[in-house]
Amino acid sequence: MVHLKSILPRAAFVLASAASVANAQNQIKITAPSKDIWWVAKSTNVLTWDCNNSPVDSFTISISNPDPKLLPDIMPFISVQQNSQCSILVSQDQANQPAGTGYVITFSNILNLTDVVGTSDPFEIKPLGSLYPSQVTPTANASSSASPTGGSDTSKPSSAATAVGSRGIAGIFGGLALGAVGMMF
């Protein structure tokens with residue numbers, strides 16, 4: 001004979017696990033920063049995500065750290081970000097955290113920060129003057145404008161994404177200029 005009391009806790013666990021897996025599959029994949037792609041303190045940094053399989057059109061971007069000495073609480077720094085942009089340059093005026101490890105970027109519902117739609121891997125912010133990562137995953141064109149990038153374009157990676165690894169932040173701005181000139185022709 002099957003006892004209902006012994007089945008209910010297991011059923012609840014299975015349902016909760018299935019909901020968790022479904023939720024993780026519907027999250028936006030943040031590709032940079034990551035454990036291999038760090039940020040540099042007091043500098044402009046690149047934030048990229050997979051915008052092709054997003055459950056939302058826009059979200060709030062926040063940064064957090066489990067160490068309260070580095071960041072006492074989650075800090076939203078962009079209130080409404082359009083998903084279609086695929087990447088942005090984050091200025092030191094938007095997110096200016098001290099050097100340290102364990103930072104995490106979250107994308108949340110613009111009306112409810114606890115409704116998370118994307119989470120980065122933990123990453124490091126290196127001290128001012130540190131070199132940028134030697135390679136950046138060229139999943140999106142780093143841009144500071146609101147025009148869509150990435151999308152359905154199947155061309156090779158943009159010059160901005162390629163330039164980040166070899167020339168640091170100067171490469172980003174040079175790549176953006178070359179990309180803008182290329183779009184005019």
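**Exercise 1. Determine whether C86 is buried or exposed, and describe its backbone and its bonding partner.**

Solution. C86 has a relative accessible area of 1%. Because buried means under 20% relative accessible area, C86 is buried. The model examined here is a predicted one.

The next step concerns the backbone. C86 is placed in the loop between β5 and β6. Its phi is near 70°, a positive value in a residue other than glycine. In general, most residues other than glycine have a negative phi.

The last step concerns the sulfur atom. C86 forms a disulfide with C51, and the two sulfur atoms are 1.8 Å apart. This satisfies the cut-off of 2.5 Å for a disulfide. The angle about the S-S bond is 55°, and the link of C51 and C86 is right-handed. C51 belongs to the loop between β3 and β4, whereas C86 belongs to the loop between β5 and β6, so the disulfide ties together parts that are 35 residues apart in sequence. C51 also counts as buried, at 13% relative accessibility. The count of disulfides comes to 1.

**Exercise 2. Locate K42 and state what its phi and its accessibility are.**

Solution. K42 is found in the loop between β2 and β3. Its phi is positive, about 55°, although K42 is not a glycine. With a relative accessible area of 51%, K42 is exposed.

**Exercise 3. Identify the residues that the cis peptide bond joins, and place P33 in the chain.**

Solution. The cis peptide bond joins A32 and P33, with omega about 10°. In general, most peptide bonds are trans. P33 lies in the loop between β1 (30-32) and β2 (39-40).

Both residues reappear in the surroundings of L47. Leaving aside neighbours within four places in sequence, L47 is in contact with A32 and P33, and also with others including W39, I61, C86 and F107.

**Exercise 4. State how many residues the largest nonpolar core has, and which strands each supply at least two of them.**

Solution. The largest nonpolar core has 24 residues. Those with the most contacts inside it are W39, L47, I61, I63, F77, I105 and F107. The strands that each supply at least two residues of this core are β3 (45-49), β4 (58-64), β5 (75-82), β6 (87-90), β7 (100-109) and β9 (123-126).

**Exercise 5. Give the strand order of the open sheet of 3 strands and explain why one side of β1 and of β6 is left without a neighbour.**

Solution. The order is β1-β3-β6, and the pairing is antiparallel. β1 and β6 stand at the edges with a single partner strand each, so one side of each has no neighbour in the sheet. Neighbouring strands of this sheet are turned by 25° against each other on average, direction ignored. β3 and β6 are joined by 4 bridges. N45 stands opposite V90 in β6.

**Exercise 6. Classify the aromatic pairs W49 with F59 and Y103 with F123.**

Solution. The structure holds 5 aromatic pairs. One of them is formed by W49 and F59, with 5.6 Å centre to centre and 85° between the planes, and this pair is edge-to-face. W49 lies in strand β3 and F59 in strand β4, so the pair ties together parts that are 10 residues apart in sequence. W49 is buried at a relative accessible area of 1%, and F59 counts as buried at 0%.

For Y103 and F123, the ring centres are 6.1 Å apart and the planes are at 35°, so this pair is tilted. Y103 in strand β7 and F123 in strand β9 are 20 residues apart. Y103 is buried, with a relative accessible area of 0%, and F123 is buried, with 3%. Ring pairs link W39, Y103 and F123 into a cluster.

Technical notes. Residues numbered from 1 in each chain as written. Predicted model: local features only at pLDDT ≥ 70, side-chain atom pairs only at ≥ 80, totals over all residues. Heavy atoms only, no water. Core = buried A, V, L, I, M, F, W, Y, C linked by side-chain atoms within 4.5 Å. Buried < 20%, exposed > 50% of the residue type's maximum accessible area, 1.4 Å probe, protein only. Contact = heavy atoms within 4.5 Å. Pairing = 2+ DSSP bridges. Axes fitted to C-alpha atoms, helices over the stretch in contact; angles between N-to-C directions. Phe/Tyr/Trp six-rings, centres within 6.5 Å; stacked < 30°, edge-to-face > 60°.
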